[in-house]
Amino acid sequence: MSRMLFINLPVTDLERSLRFYEAVGATNEPKFSNDQAKMMRFSDEIAVMLLSHDFYRGFTGKPIVDAHAASQVLLCISCDSPAAVDAMVDAAAAAGGKADPGPKQQMGDMMYGRSFEDPDGHHWEPMWMAAQ
């Protein structure tokens, strides 16, 4: 059975977030986007739903935390090479994100990873792992 993963993130500025996620390699799916939400595809199986705070609140009674000040999740995404990891982090920084809020990760020639925060503080970890 094929499954999709939808990551729902509350954002303060949908258009800014749309541009940011396009810069790091996602594409917008207009069919599932409107003035309250933007669907961004990283692949056929992985989609990030950028939701305005008002729309996000409709799914939970819990408060929305400031992701710049608190952490709830680390979002790890695979890349095809160490160079692709670096390119994603560089693109994130150039598009208004923060590069390397966490330590670089290198385990010999088996794994390489870095991190970035989007403009709302959501913590992403692009990671390359050698084929097994």
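This note goes through a predicted model, element by element.

1. **The four-stranded sheet.** Four strands form an open sheet in the order E1-E4-E3-E2, and their pairing is mixed. Strand E1 (5-11) and strand E2 (27-29) are the edge strands. Each has a single partner strand, so one side of each lacks a neighbour in the sheet. Direction ignored, neighbouring strands here are turned by 30° against each other on average.

2. **Helix H1 on that sheet.** H1 packs on the sheet and touches E1, E2, E3 and strand E4 (46-52). The direction of H1 makes about 5° with that of E3.

3. **Strand E3 and its partners.** E3 covers residues 37-41. Four of its five residues are buried, which leaves the strand mostly covered. E3 pairs with E2 in the antiparallel sense, over three bridges. Within that pairing, Met39 of E3 is the bridge partner of Glu29. E3 also runs antiparallel to E4, joined by five bridges. Here Ala37 stands opposite Leu51 of E4. The link from E3 to E4 is a hairpin through four residues.

4. **Helix H3: length and sides.** Does the end-to-end distance of H3 agree or disagree with its residue count? It agrees: at 1.5 Å a residue, the 13 residues (82-94) should span 18 Å, and the end C-alpha atoms are 18 Å apart. Val85, Met88, Val89 and Ala92 are the buried residues of H3. They cover an arc of only 95° around the axis, so they sit on the same side of H3. The exposed residues Ala83 and Ala94 are on the face turned away from that buried side.

5. **What H3 packs against.** The buried residues of H3 pack against helix H1 (14-23) and five strands: E5 (74-78), E6 (98-99), E8 (111-113), E9 (116-117) and E10 (123-129).

6. **Gly96, after H3.** Gly96 follows H3 and has a positive phi, near 105°. Gly96 lies in the loop between H3 and E6. Is Gly96 buried or exposed? Gly96 counts as exposed, because its relative accessibility is 52% and the cut-off is over 50%. Not counting residues up to four places away in sequence, Gly96 touches Phe20 and Pro119. Gly96 and Gly25 are 71 residues apart in sequence; their C-alpha atoms are 14 Å apart in space.

7. **Strand E5.** Leu75 and Ile77 make up the covered face of E5. Leu74, Cys76 and Ser78 are on its uncovered face. E5 and E10 run parallel and are joined by five bridges. Leu75 stands opposite Trp124 of E10.

8. **The nonpolar cores.** In soluble globular proteins, nonpolar side chains tend to be buried together. The largest nonpolar core of this model has 25 residues. Which of them touch the most other members? They are Tyr21, Val24, Phe42, Val48, Phe116 and Trp124. E1, H1, E4, E5, H3 and E10 are the elements that give two or more residues to this core. Apart from this core lies another, of five residues, among them Ala37, Met39, Ala47 and Met49.

9. **Phe42 up close.** Leaving aside neighbours within four places in sequence, Phe42 is in contact with eight residues, as follows: Tyr21, Val24, Gly25, Ala26, Val48, Ile77, Met88 and Trp124. Among these contacts, Met88 is one of the buried residues of H3, and Ile77 belongs to the covered face of E5.

Terms used. Residues numbered from 1 in each chain as written. Predicted model: local features only at pLDDT ≥ 70, side-chain atom pairs only at ≥ 80, totals over all residues. Heavy atoms only, no water. Expected span 1.5 Å × (residues − 1). Buried < 20%, exposed > 50% of the residue type's maximum accessible area, 1.4 Å probe, protein only. Arc of directions from axis to C-beta. Contact = heavy atoms within 4.5 Å. Pairing = 2+ DSSP bridges. Axes fitted to C-alpha atoms, helices over the stretch in contact; angles between N-to-C directions. Core = buried A, V, L, I, M, F, W, Y, C linked by side-chain atoms within 4.5 Å.
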